[in-house]
Amino acid sequence: MGSSVRVACAQYAIRDGDPEANLESSLRAIRQAASEGTDLVVLPELANSGGGFRSREHALQLAEPSSDGPTPQAWKTAATEHGIHIVGGFLEHDGDELYNSAAVIGPDYSGSYRKTHLWDTEKLLYEPGYDLPVFDTPLGKIGVLICYDAWFPEDRRGEVSPC
């Protein structure tokens with residue numbers, strides 16, 4: 001190995017229910033990270049939608065498909081334009097199922113992870129993911145956990161625990 005990877009963690013206010021403003025905020029963070037020589041930028045959980053949903057129907061209106069939704073597509077374009085990799089949280093739908101997911105995107109790479117451990121009332125809104133993928137990117141191997149997932153040490157070791 002021997003080479004290092006420069007990582008930026010983007011912190012900015014997510015606007016609940018305002019995907020256009022959230023997308024612009026994420027793209028601004030990606031541009032700034034790229035201008036500072038970052039190889040990988042990590043965006044917040046639910047960066048496209050925020051989390052303050054009025055109802056499940058409201059959440060479904062804000063959710064995007066994993067690979068061809070406007071947010072993952074815009075991140076893919078930005079990754080290609082800036083030669084950067086991105087891990088970004090987004091509200092995903094697969095049919096009528098909702099997931100708290102993270103996209104892993106690079107100029108020539110994309111994948112996604114679905115949060116496996118749901119906290120408290122999240123269980124009423126989201127379906128849990130069941131995989132702990134390790135993404136083999138040009139930067140190296142990347143594993144993703146979202147929020148409460150980090151409380152389960154077996155996941156950090158690559159062992160799936162029961163939900």
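A helix here is a DSSP run of at least four residues, numbered from the N terminus, and its expected span is 1.5 Å times one less than its number of residues. Keep that in mind for the first stop, and remember along the way that you are looking at a predicted model.

**Stop 1: helix α3**

Select residues 70-82. That's α3, a helix of 13 residues. From its first C-alpha to its last, α3 reaches 18 Å, close to the 18 Å expected at 1.5 Å a residue.

Now colour the buried residues of α3: Thr 71, Pro 72, Ala 74, Trp 75, Ala 78 and Ala 79. Why do they end up on the same side of α3? They cover an arc of only 160° around the axis, and that puts them on one and the same side of the helix. A bit of background helps here: an α-helix has 3.6 residues a turn, so residues three or four places apart point the same way.

What do the buried residues of α3 pack against? Show α1 (19-35), β3 (85-94) and β4 (97-106), and you have the partners. Then spin the view to the face turned away from the buried side, where you'll find the exposed residues Pro 70 and Glu 81.

Before leaving, step just past the end of α3 to Gly 83, which takes a positive phi of about 60°.

**Stop 2: Ala 78, inside α3**

Stay in α3 and click on Ala 78. Is it buried or exposed? Ala 78 has 7% relative accessibility, so it counts as buried. Show what surrounds it: leaving aside neighbours within four places in sequence, Ala 78 is in contact with Leu 27, Ile 30, Gly 83 and Ile 84. Yes, that's the Gly 83 with the positive phi from a moment ago.

If you like using the distance tool, try it from Ala 78 to Leu 46. These two are 32 residues apart along the chain, and their C-alpha atoms are separated by 18 Å.

**Stop 3: Ser 26, in α1**

Hop over to Ser 26 in helix α1. Its relative accessibility is 0%, so Ser 26 counts as buried. Which residues touch it, once you leave aside neighbours within four places in sequence? Select Tyr 12, Leu 43 and Trp 75 to see them. You have met Trp 75 already, among the buried residues of α3.

**Stop 4: Ile 14 and Leu 46**

Next, go to Ile 14, in the loop between β1 (7-9) and α1. Ile 14 is partly exposed, with a relative accessible area of 25%. Not counting residues up to four places away in sequence, Ile 14 touches Asn 22, Pro 44, Leu 46, Ala 47, Ser 49 and Gly 50. Add Gly 51 to your selection too: Ile 14 and Gly 51 are 37 residues apart in sequence, and 8.8 Å apart in space, C-alpha to C-alpha.

From that contact list, pick Leu 46. You'll find it in the loop between β2 (40-42) and α2 (56-62). Leu 46 is buried, with a relative accessible area of 7%. Check its backbone as well: Leu 46 has a positive phi of about 50° although it is not a glycine.

**Stop 5: the β6–β7 hairpin**

Bring up β6 (134-137) and β7 (140-143). A hairpin joins β6 to β7 through two residues. The strands pair in the antiparallel sense over four bridges. For one partner pair, highlight Phe 135 and, in β7, Ile 142.

**Stop 6: the rings**

How many aromatic pairs does a search of the whole structure find? Three. Start with Trp 119 and Tyr 148, an edge-to-face pair at 4.8 Å centre to centre, with 65° between the planes. Trp 119 sits in the loop between β5 (109-114) and β6, and Tyr 148 in the loop between β7 and α4 (153-156), so this pair ties together parts that are 29 residues apart in sequence. Now add Phe 152: its ring centre and that of Tyr 148 are 5.2 Å apart, with the planes at 90°, so this pair is edge-to-face as well. Ring pairs link Trp 119, Tyr 148 and Phe 152 into a cluster.

One more ring to visit is Tyr 99. Arg 114 lies over its face, at 3.7 Å from the ring centre.

**Last stop: Asp 120**

Finish in the loop between β5 and β6, at Asp 120. Asp 120 is exposed, with a relative accessible area of 52%. Asp 120 isn't a glycine, yet it has a positive phi of about 45°.

Conventions
Residues are numbered from 1 along each chain as its sequence is written. This is a predicted model: local features need pLDDT of at least 70, side-chain atom pairs count only at pLDDT 80 or more; totals for chains, interfaces and linings use all residues. Side-chain values use heavy atoms; hydrogens and water are left out. Buried means under 20% relative accessible area, exposed over 50%, partly exposed in between (1.4 Å probe, protein chains only). The arc is that of the directions from the helix axis to the C-beta atoms. Contact means heavy atoms within 4.5 Å. Rings of Phe, Tyr and Trp (its six-membered ring) pair if their centres lie within 6.5 Å; planes under 30 degrees apart count as stacked, over 60 as edge-to-face and the rest as tilted. A charge sits over a ring if NZ of Lys or CZ of Arg is within 6 Å of the ring centre and within 35 degrees of the ring normal. Two strands pair if DSSP finds at least two bridges between them.
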